Amino acid sequence: RMASIEGRLDNLGTDVEGLKAGQGVQRNSENAVAELSALTGRNVVVRFSSGSARVEGEGRSLLNEVAVEMAHAPRDRALITGFADSVGDPALNLSLSERRAKAVRDYLLGLGVAADRLLLNYYGASQSTGSDAGDRRVEIEWLL
């Protein structure tokens, strides 16, 4: 696993040098964001559409990578925290943030992650900055 991380660091260094030189960066990975999440192993953010608790697109790729990383570290656990923007009724936003967190948990459960390794939390819009799309998210924090 350490050799894999070192290889990714080397590739990241090459990418940074290419960006500094004004060159485009070509990646072999199908999902560079998921590759970066595997490198850091923490603070993965899954974004949602307004009013939705459905895991889609990039979110699925990120969660697939989370499941792989959790398989490599069987003692690690994750805190899954749902958020909502402040548009709409506060009670509905609390429910929506709960559904988002549960959707992420359920997706990971479907990939074989054990339920006792996934802790659930949700805030509704209580930590929202307004109607910003960044508030419609679930954060996954690694608990080592």
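Which residues does Met70 touch, not counting residues up to four places away in sequence? The first view of this predicted model addresses this point.

**View 1. Surroundings of Met70 in helix α3.** Beyond four places in sequence, Met70 touches Asp76, Arg77, Ala78, Val113, Arg117, Leu118 and Trp142. Met70 has a relative accessible area of 0% and is therefore buried. One of these contacts, Val113, is 43 residues away from Met70 in sequence, with a C-alpha to C-alpha separation of 7.3 Å.

**View 2. The largest nonpolar core, with Leu108 among its residues.** This core has 21 residues, of which Leu63, Ile80, Val104, Leu108 and Ile140 touch the most other members. Two or more core residues come from each of the elements β1 (44-47), α3 (57-72), β2 (77-82), α4 and β4 (137-143). With neighbours within four places in sequence left aside, the contacts of Leu108 are Leu63, Val66, Ala67, Ile80, Val113 and Leu118. Val113 and Leu118 also appear among the residues that Met70 touches.

**View 3. The salt bridge between Asp85 and Arg136.** The side chains of these two residues meet with an N to O distance of 2.9 Å. Asp85 is in the loop between β2 and α4, whereas Arg136 is in the loop between β3 and β4, so the pair ties together parts that are 51 residues apart in sequence. Asp85 and Arg136 are both buried. In total, six salt bridges are counted.

**View 4. A network of salt bridges linking Asp135, Arg137 and Glu139.** Arg137 forms a salt bridge with Asp135, the closest N and O atoms being 3.8 Å apart. Arg137 also meets the side chain of Glu139 in a salt bridge, at 2.9 Å from N to O. Arg137 counts as buried because its relative accessibility is 12%, a value under the 20% cut-off. Asp135 is likewise buried. Glu139, at 31% relative accessibility, counts as partly exposed.

**View 5. A nonpolar patch on the surface, formed by Leu94, Leu120 and Tyr122.** Together the three residues have about 220 Å² of accessible area. Tyr122 is found in strand β3, which spans residues 118-122. With a relative accessibility of 31%, Tyr122 counts as partly exposed. For the chain, the exposed area is about 8,300 Å², and carbon and sulfur atoms supply 49% of it.

**View 6. Helix α2 (residues 32-40) and helix α4 (residues 90-110), the elements with the lowest and highest mean pLDDT.** The mean pLDDT is 44 for helix α2 and 95 for helix α4. Over residues 22-40, pLDDT stays under 50, and the model has 28 contacts beyond four places in sequence for this segment. Where pLDDT is low, the predicted coordinates should not be read in detail. The chain as a whole averages a pLDDT of 78, with 71% of the residues scoring at least 70.

**View 7. Overview of the chain, with its four helices and four strands.** From the N terminus on, the order of elements is α-α-β-α-β-α-β-β. The chain has 144 residues, and buried residues make up 37% of them. Among contacts between residues at least 6 apart in sequence, 80% join residues at least 24 apart.

Terms used
Residues are numbered from 1 along each chain as its sequence is written. Side-chain values use heavy atoms; hydrogens and water are left out. pLDDT is the predictor's confidence in each residue, from 0 to 100. Contact means heavy atoms within 4.5 Å. A nonpolar core is a set of buried Ala, Val, Leu, Ile, Met, Phe, Trp, Tyr and Cys residues joined through side-chain atoms within 4.5 Å. Buried means under 20% relative accessible area, exposed over 50%, partly exposed in between (1.4 Å probe, protein chains only). Patches are made of residues with over 30% relative accessible area and no salt bridge: like charges are joined within 9 Å, nonpolar side chains (Val, Leu, Ile, Met, Phe, Trp, Tyr) within 5 Å. Accessible areas come from the Shrake-Rupley method with a 1.4 Å probe; for residues, only the protein chains shown count as cover. A salt bridge is a side-chain nitrogen of Lys or Arg within 4 Å of a carboxyl oxygen of Asp or Glu.
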